[in-house]
Amino acid sequence: MSSDPCEVFVDNQPDLDHLMADAMRAPWDAVDTEFERIRTFFPRLCLIQIATPQWTVCIDPLANINLSGVGALLASAEPIKIFHAARQDIEVLQHTLGILPGTLFDTQIAAALAGFGEQVGYARLVKEICDVELSKAYTRTAWCRRPLNDDEIRYALDDAHYLGELYQHLTNLLQQRGRVAWATEDFTFLACADVIEAGSASAVKRILRACSSFDRESQSVANALALWREEAAQRLDRPREWLLALDAIVEIARSRPQSLTQLEQLPGVESGTVKRRGQAILDVVERAHREAVNYIPLQKPGRVDPAIKALGNRMWSCLRTLCTEADLPTASVARRDDIRRLASGERDLPLLKGWRRQFAGEALLEISTQTDE
């Protein structure tokens, strides 16, 4: 296929259908997306870049074309779909096309397991593996603007063009290190993840952590406001903070206002918010206060038990040693918070499942057993 950007920008149905049929027969498909998320809750898909061993194209989802063939390709078990740092791509594809990728290979995850370090960027991998210096000139492009110029299209094409070469190189390294099964386990988990739901759960937890020192009633209000904000943000497709800022939720939960006047006097609560959503917020506060008797609050943060802290430090030291010897980023195995939870007695952790349990989890549990004795 021609390398002229004007001829690889796909915005008509016949070309798209032909390409998707060809991509289904390829040994692998490399995928990237460009999206905007400035005034919306959900990312707005602006471009889909797809590459095979024979061609690389930009598909225009803003054109009057049916993307069902793209969805069918990406959701299919074969061929394998190659992404770099796939989580955000998965989110926008899940929202726009209603699909999760089939068999997936994430070059960022693979690179960490292959010795390139934590969260290595695509440009660095392309430089180290392909010996190509990628341009950084269009990182701030407004991808939903039309028309895009040739240089912008060429920049977007590059984001998918080298993924196949990275895939082949990293697969060889994983095979040499005996870590193909590790990578496959992580890819499978990522491909099945409901990223939108996980993002909402994380936003709610962030608010609850900010209010963990509050009493039961205020925590109940914080939880109810967080859930209300998520539902409203998704329904209206507006950023969470546009509806109600985190700091404002904390102040409302702390004070539990009973009138619009009291609500408007709270720090961080804008008058426009009170005008548009004030009564709805008060209704949530009143309901959450009434139902607080059934709410199970988070434990107030307190001083960590010295024995648990010491155990966590020993576990962390052990993990760092294991990872250094194996040329693995510690974050690929567990975060410091995971170790604290393990030391505190929690057992439902990714660290104690799959390859992570074999690599480090059993050894860390043994430290805990030795301490108990």
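Let me start in the sheet. Strand β2, residues 28-36, and strand β5 run parallel, and three bridges join them. One contact to find on your screens: W28 has I80 as its bridge partner in β5. Keep in mind that this is a predicted model.

Now the other side of β5. Three bridges also join β5 to strand β6, residues 104-106, and this pair too runs parallel. Look at the partners. K81 has L104 as its bridge partner in β6. I82 stands opposite F105 in β6.

How do we get from β5 to β6? Through helix α3, residues 87-97: β5, α3 and β6 make a right-handed β-α-β unit.

Next, the faces of β5. In a regular strand, side chains alternate between the two faces of the sheet. Strand β5 spans residues 80-83, and both of its faces are covered. I80 and I82 sit on one side, K81 and F83 on the other, and all four are buried. Yes, that includes the lysine, K81.

Step back to the whole sheet. It is open, has six strands, and its pairing is mixed. The order is β1-β4-β3-β2-β5-β6. Which strands are at the edges? They are β1, residues 9-10, and β6, and each pairs on one side only.

Now the chain overall. Its secondary structure comes to 17 helices and six strands. The C-alpha atoms fill a box of roughly 65 × 60 × 35 Å along the principal axes. Of the 373 residues, 48% are buried. Then there is contact range. Take contacts between residues at least 6 apart in sequence: 65% of them join residues at least 24 apart.

On to charges. How many salt bridges does a search of the whole structure find? It finds 21. I will show you three.

The first is D186 with R356. Their side chains meet in a salt bridge at 2.9 Å, N to O. D186 lies in helix α8, residues 180-191, and R356 in helix α17, residues 354-372, so this pair ties together parts that are 170 residues apart in sequence. Are these two residues buried or exposed? D186 is at 12% relative accessibility, so it counts as buried. R356 is at 14%, and it counts as buried as well.

The second is R290 with E286. The closest N and O atoms are 2.5 Å apart. Both residues lie in helix α14, residues 271-290. They are four residues apart, about one turn of the helix. E286 has a relative accessible area of 45%, so it is partly exposed.

The third is D131 with K127. These side chains meet in a salt bridge at 3.7 Å, N to O. D131 has 60% relative accessibility and counts as exposed. K127, at 37%, counts as partly exposed. There is a further partner to add here. Salt bridges that share partners join K127, D131 and E133 into one network.

Back to helix α17 for a moment. S368 is found there too. S368 is buried, with a relative accessible area of 7%. What is S368 in contact with, leaving aside its neighbours within four places in sequence? The answer is L311, M315 and R347. For a sense of scale, take E118. S368 and E118 are 250 residues apart along the chain, and their C-alpha atoms are separated by 27 Å.

Last topic: the largest pocket. Its volume is about 1,800 Å³. The lining consists of 39 residues. Which of them lie nearest the centre? Those are R87, F189, R335, D338 and P350.

Now the helices around this pocket. Four of them each supply at least two residues of the lining: α4 (107-113), α8, α9 (195-210) and α16 (336-343). Which helix gives the most? That is α9, with seven residues. You have met α8 already, as the helix that holds D186.

To recap. Strand β5 is joined by three bridges to β2 and by three to β6. The D186 and R356 pair ties α8 to α17. And the largest pocket draws on α4, α8, α9 and α16, among its other lining residues.

Methods. Residues numbered from 1 in each chain as written. Predicted model: local features only at pLDDT ≥ 70, side-chain atom pairs only at ≥ 80, totals over all residues. Heavy atoms only, no water. Salt bridge = Lys/Arg side-chain N within 4 Å of Asp/Glu carboxyl O. Buried < 20%, exposed > 50% of the residue type's maximum accessible area, 1.4 Å probe, protein only. Pairing = 2+ DSSP bridges. Right-handed = clockwise from strand over helix to strand, strands pointing away. Contact = heavy atoms within 4.5 Å. 1 Å grid on protein atoms, 1.4 Å probe; cavity = no way out; pocket = protein on both sides within 12 Å on 5 of 7 lines; lining within 4 Å. Points joined across faces, edges and corners; volume = space filled by probe spheres on them.
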